[in-house]
Amino acid sequence: MSAQQHTALPPHEQAFTLRSRRVADDFSIRVALPATYSMTEARYPVLYVLDGDHSFGLAASVLAYVNLGGNFGMGKGIPEMIVVGIGYDRGTLPWLFTRVRDFTPTEDASFNYDNPQFSIPESGRADAFLAMIREELKPELESRFRVDGSPGVLATHSLGGVLALHAMLRPEPVFGKYLLASPFVGWDSGAMFRREEEYGLGNAGLAAEAFFAVSGQEPTPPYREEVERFCAALEQRRYDRFRFELRTYDRDNHFSMWPKAFMDGLEYLFN
């Protein structure tokens, strides 16, 4: 693993390429530092954002503006954080294909985004992706920035929610807080349902907080019902040390709800 610095970025932003041995690929890492970063020696929690090619700008801008409100007593209780976007910087189609490789814990050769013209070359490498975050990205961030050492927050949308659930349903969760907007819990004929059931049979506790969101117009007919059913299973399990909420955005679709869910999710996770 090695890192290559980027230049010509806006104030408070940095970027570098992370060369991962775990995944055998390069990742485009973008970082937004809090406005107070240069004014203090404080350490900050980290907000990790999947699909960084498209979601980093949203996350960094929204959080910066909310934190600005904190100067006027309107910060919504959300702390300043270092925002880290994990992406690929290769264009839309390569991004769509590569995220399937990295966000899914099982192989599903039939998945094609319901588009018969798409052929997804690889899936099921979520463990390697999480190992990249734990063993390569986190140490790199610790060497470059004043991070506080807490597990951090993972913000995800759609297929990224599969990775979030895979990270959360482990004996030792990789993150402390999870934001899952329209998570694709139906991946691989319900693999995540089976994963939750297996975890629940062996564990009474789940040390995590999670915010789930679903829209009124999801991409396939059972999508919303699957999210609701998954959350019902979590509610019935009654894990110790676990707190979560499911919020529905009836007037939005799979894409338009993401900015709203991001803001609402952070407020829930920190209040």
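Two residues are said to touch, or to be in contact, when heavy atoms of one lie within 4.5 Å of heavy atoms of the other. With that in hand, the packing of this predicted model can be followed residue by residue. Leucine 137 is a good place to begin: leaving aside residues up to four places away in sequence, leucine 137 touches Phe16, Leu18, Ile29, Tyr48, Val84, Ile86 and Met132.

Leucine 137 is among the residues with the most contacts inside the largest nonpolar core, together with Ile82, Ile86, Phe129 and Tyr178. This core has 66 residues, and its largest share, eight residues, comes from α3. A second core, separate from the one just described, has 26 residues and includes Ala60, Leu179, Ala213 and Met263.

Helix α3 itself deserves a closer look. It runs through residues 126–144, and its 19 residues should span 27 Å at 1.5 Å a residue; the end C-alpha atoms are 25 Å apart, which agrees. The helix is bent by about 35° at isoleucine 133. Isoleucine 133 is also one of the buried residues of α3, a list that includes Ala126, Phe129, Leu130, Leu137 and Leu141. Charged residue types appear there too, among them Glu136, Lys138 and Glu140. When reading such a list, it helps to remember that an α-helix has 3.6 residues a turn, so residues three or four places apart point the same way.

Beyond α3, the chain enters a loop that leads to β6 (153–157), and valine 147 is found in this loop. Is valine 147 buried or exposed? Its relative accessible area is 11%, and buried means under 20%, so valine 147 is buried. Its contacts, not counting residues up to four places away in sequence, are Arg43, Tyr44, Val46, Ile82, Leu141 and Glu142. One of these partners shows how folding brings distant parts of a sequence together: valine 147 and tyrosine 44 are 103 residues apart in sequence, yet their C-alpha atoms are 4.8 Å apart in space.

Aromatic rings form another layer of the picture, with 21 aromatic pairs in the model. In one of them, the ring centres of phenylalanine 212 and phenylalanine 230 are 6.5 Å apart and the planes meet at 40°, so the pair is tilted. Because phenylalanine 212 belongs to strand β8 (residues 205–217) and phenylalanine 230 to helix α6 (residues 223–237), the pair ties together parts that are 18 residues apart in sequence. Both partners are buried: relative accessibility is 0% for phenylalanine 212 and 1% for phenylalanine 230. Elsewhere, Phe97, Phe111, Tyr113, Phe118, Phe184, Trp187 and Tyr223 form one aromatic cluster. Arginines also meet rings: arginine 144 lies over the face of phenylalanine 16, at 4.0 Å from the ring centre, and arginine 229 lies over the face of phenylalanine 193, at 4.2 Å from the ring centre.

Two of the residues just named, Trp187 and Phe193, are among the buried residues of α5. This helix has 16 residues and reaches 23 Å from its first C-alpha to its last, close to the 22 Å expected at 1.5 Å a residue. What do the buried residues of α5 pack against? Their neighbours are α2 (92–103), α4 (160–168), β8 and α6.

Helix α7 (residues 257–269) can be described in a similar way. Its 13 residues should span 18 Å at 1.5 Å a residue, and the end C-alpha atoms are 18 Å apart, which agrees. This helix is mostly covered, with ten of its 13 residues buried; among them are Trp258, Phe262, Met263, Leu266 and Tyr268. The cover over these buried residues includes β4 (46–49), α1 (52–70), β6, β7, β8 and β9 (240–253).

Finally, the backbone holds a pair of less usual residues. Most residues other than glycine have a negative phi. Alanine 24, however, has a positive phi of about 60°, and serine 182 has a positive phi near 50°. Alanine 24 lies in the loop between β2 (13–20) and β3 (25–32), whereas serine 182 lies in the loop between β7 (177–181) and α5 (187–202). Their surroundings contrast: alanine 24 is exposed, with a relative accessible area of 66%, while serine 182 is buried, with a relative accessible area of 0%.

Definitions and conventions
Residues are numbered from 1 along each chain as its sequence is written. This is a predicted model: local features need pLDDT of at least 70, side-chain atom pairs count only at pLDDT 80 or more; totals for chains, interfaces and linings use all residues. Side-chain values use heavy atoms; hydrogens and water are left out. Helices (H or I, at least four residues) and strands (E, at least two) are DSSP runs, numbered from the N terminus. The expected span of a helix is 1.5 Å times one less than its number of residues. The bend at a residue is the angle between axes fitted to the seven residues ending there and the seven starting there. Buried means under 20% relative accessible area, exposed over 50%, partly exposed in between (1.4 Å probe, protein chains only). A nonpolar core is a set of buried Ala, Val, Leu, Ile, Met, Phe, Trp, Tyr and Cys residues joined through side-chain atoms within 4.5 Å. Rings of Phe, Tyr and Trp (its six-membered ring) pair if their centres lie within 6.5 Å; planes under 30 degrees apart count as stacked, over 60 as edge-to-face and the rest as tilted. A charge sits over a ring if NZ of Lys or CZ of Arg is within 6 Å of the ring centre and within 35 degrees of the ring normal.
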